[in-house]
Structure formats: structure tokens, C-alpha cells
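Hi,

Here is the structure I promised to pass on. Have a look at it first, then read my notes underneath.

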Amino acid sequence: MSGQHTLPDLPYAYDALEPFISRQIMELHHKKHHQTYVNALNAAEQAYAKASTPKERIALQSALKFNGGGHINHSLFWKNLAPAKSENKGNGGSLHEGPLKKAIVEAFGTFDNLKKEFNTTTAGIQGSGWGWLGVNPQSKRLEIATTSNQDPLLTLTPVIGVDVWEHAFYLQYLNVKVDYLNAIWNVINFEEAEKRYLDAVGGAKL
Ligand SMILES: [Fe+2]
């Protein structure tokens, strides 16, 4: 049924990602920004269901893409983060030995190189967008990509997505996007990332 999307709960408390992402950012980002995408997606889907002409349906395409992408991307982003191991709060930021680490080393040489390449590429996004680590569906290798606005990642299967809209960092990091990008690796949920990686490669690399 159209127009039935709901805001998913966060899998941790609003302050659980501190000091790397503040409680204030998490609350606003989840309760206000993500909720707005959900509401607007539902409204656009309801309008689409009622639309009777191609012109009416075409007029709704950008709202569906923007808010649908916003809902998909943020739903993925919350699961993609975890309280930091460096703060003794969880397993965030900890990449253990296993198939994901092996694939990262194959594609980027070292874990540090992945972070460096990801941050450089993602910092270069003009305007608002997302940075991604994903699996190329043909080669099954990991690649870095970016998308603009709220466009979902369609060329690769997403493994890690990082929101680089100003609303994701400005209240804590002001205009210094690179500090946010350096910090976020402390709260990346690599267990979730490895699950997505294994789904994407279909067990072929096990
Ligand atoms: Fe966001």
C-alpha cells in the first residue's frame, strides 16, 4: 500500500555515538529530518495513487525520488553506525578479521587507505550528498562512490553510506567537513557492513 512508511527507531540511544556525533545532532537528524522525508514520501505516494493523468504522475517524480531516497538512505545510515569501541560503548569503528576486511585490503591496500580515499572523495561532493562504499555487482569488488542530494546508490550495492549533508555535522563540526569524516570512522558498524557485503557477493567469496 502506498503512503505507509514510518520512521524506524534508532538501534541505540541518541547520545550513544558521543563524542563523535552529538546527541543534539542525532535527535534533530532522526526526529526532524528523517521524519520529514517519511512524511513527504507518504504524501507523494498518496498523491500519486490518486493522480489520473501522466502529467500529474510526472509532476510527482522529483518528490518521490527526493523523499524516497531520503528515507532509504537514512534508514541505512542509522544501522550503519554503532557506539564506539574506543569509548568502551560498543563495537563501532572496529573492523575484525574476516571477509569484509579481506575485501577492503584487496580493493584499497589497507584499511587506512580506504578511509583516506573515502574521505577525499566524499569531501569533494559539491553541495549536499552521500559518500558510499559499495560492491560492484559485476566485479564483486568494493568501490567508493558518491551521490547527490538524496539520490540512493543504484550503481553499487551499498555496504557503508555516510550522510554529508550539513545537517549531519554542522552543529558539532561547523564547516569542517573533514573533521566529521575523520570522526565518523569511530562509529561505523562494520558488523552490519560485513553482513551487507556478504549479501552482495552472495557468499561467492566465503
Ligand atoms: Fe541526513
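Below is what I found, going from the overall layout to single residues.

One thing to keep in mind throughout is that this is a predicted model.

**Layout**

The chain splits into domain 1, residues 23–81, and domain 2, residues 99–201. Taken over C-alpha atoms, the centres of domain 1 and domain 2 are 22 Å apart. Where they meet, 14 residues of domain 1 are in contact with 18 residues of domain 2. On the domain 1 side, the elements giving two or more residues are helix H1 (23–50) and helix H3 (61–79). H3 gives the most, with eight residues. If you sort the residues on that side by character, you get six nonpolar, seven polar and one charged.

UniProt also has something to say about the second part of the chain: an unreviewed entry lists residues 97–196 as "domain: Manganese/iron superoxide dismutase C-terminal". That span is 42% helix and 21% strand, and its end C-alpha atoms lie 16 Å apart.

**The sheet**

Domain 2 runs over residues 99–201, and the strands described here carry numbers from 129 for the start of E1 up to 163 for the end of E3. The three strands make an open sheet in the order E2-E1-E3, with antiparallel pairing. E2 and E3 are at the edges and have a single partner strand each, so one side of each has no neighbour in the sheet. On average, neighbouring strands are turned by 25° against each other, ignoring direction.

E1 (residues 129–135) is joined to E2 (residues 142–148) by seven bridges, and these two strands run antiparallel. They form a hairpin with six residues between them, and Lys140 in the turn has a positive phi of about 65°. On the other side, E1 pairs with E3 over six bridges, again in the antiparallel sense. Gly131 is a handy place to see both pairings: its bridge partner in E2 is Thr146, and in E3 it stands opposite Val162.

How many of the residues of E1 are buried? Seven of seven, so to speak the whole strand is covered. In a regular strand, side chains alternate between the two faces of the sheet. For E1, both faces are covered: Gly129, Gly131, Leu133 and Val135 are buried on one side, and Trp130, Trp132 and Gly134 are buried on the other.

Trp130 stands opposite Asp163 in E3. Helix H3 packs on this sheet, where it touches E1 and E3, and its direction makes about 90° with that of E3.

**The annotated binding site**

An unreviewed UniProt entry puts the feature "binding site" at His29, His74, Asp163 and His167. They are spread over 139 residues of sequence, yet they cluster in space, with a largest C-alpha distance of 12.2 Å.

I looked at two of these in more detail. His74 is found in helix H3. Is His74 buried or exposed? It is buried, because 25 other C-beta atoms lie within 10 Å of its own and 20 or more is the cut-off for buried. Not counting residues up to four places away in sequence, His74 touches His34 and Tyr37.

Asp163 sits in strand E3 (residues 157–163). Asp163 is buried as well, since it has 26 other C-beta atoms within 10 Å. Its contacts, again leaving out residues up to four places away in sequence, are Phe77, Trp130 and Ala168. Trp130 is thus both a contact of Asp163 and the residue opposite Asp163 in the strand pairing.

**One more residue to look at**

Glu192 is in helix H8 (residues 190–201). With 19 C-beta neighbours inside 10 Å, Glu192 counts as partly exposed, because buried would take 20 or more. Leaving aside neighbours within four places in sequence, Glu192 is in contact with Lys79 and Asn80. Glu192 and Ala82 are 110 residues apart in sequence, while their C-alpha atoms are 9.2 Å apart in space.

If you open the model, I would begin with the sheet and then turn to the annotated residues.

Cheers

Key:
Residues are numbered from 1 along each chain as its sequence is written. This is a predicted model: local features need pLDDT of at least 70, side-chain atom pairs count only at pLDDT 80 or more; totals for chains, interfaces and linings use all residues. Domain bounds come from an automatic or database domain assignment. Two residues are in contact if their C-beta atoms, placed from the backbone, lie within 7 Å. Helices (H or I, at least four residues) and strands (E, at least two) are DSSP runs, numbered from the N terminus. Ala, Val, Leu, Ile, Met, Phe, Trp, Tyr, Cys and Pro count as nonpolar, Asp, Glu, Lys and Arg as charged, and the others, Gly among them, as polar. UniProt positions are given in the numbering used here, feature names are shortened, and annotations may be inferred rather than shown by experiment. A residue is buried if 20 or more other C-beta atoms lie within 10 Å of its own, exposed if 12 or fewer, and partly exposed in between; C-beta atoms are placed from the backbone. Two strands pair if DSSP finds at least two bridges between them. Axes are lines fitted to C-alpha atoms, for helices over the stretch in contact, and angles run from 0 to 180 degrees between N-to-C directions.
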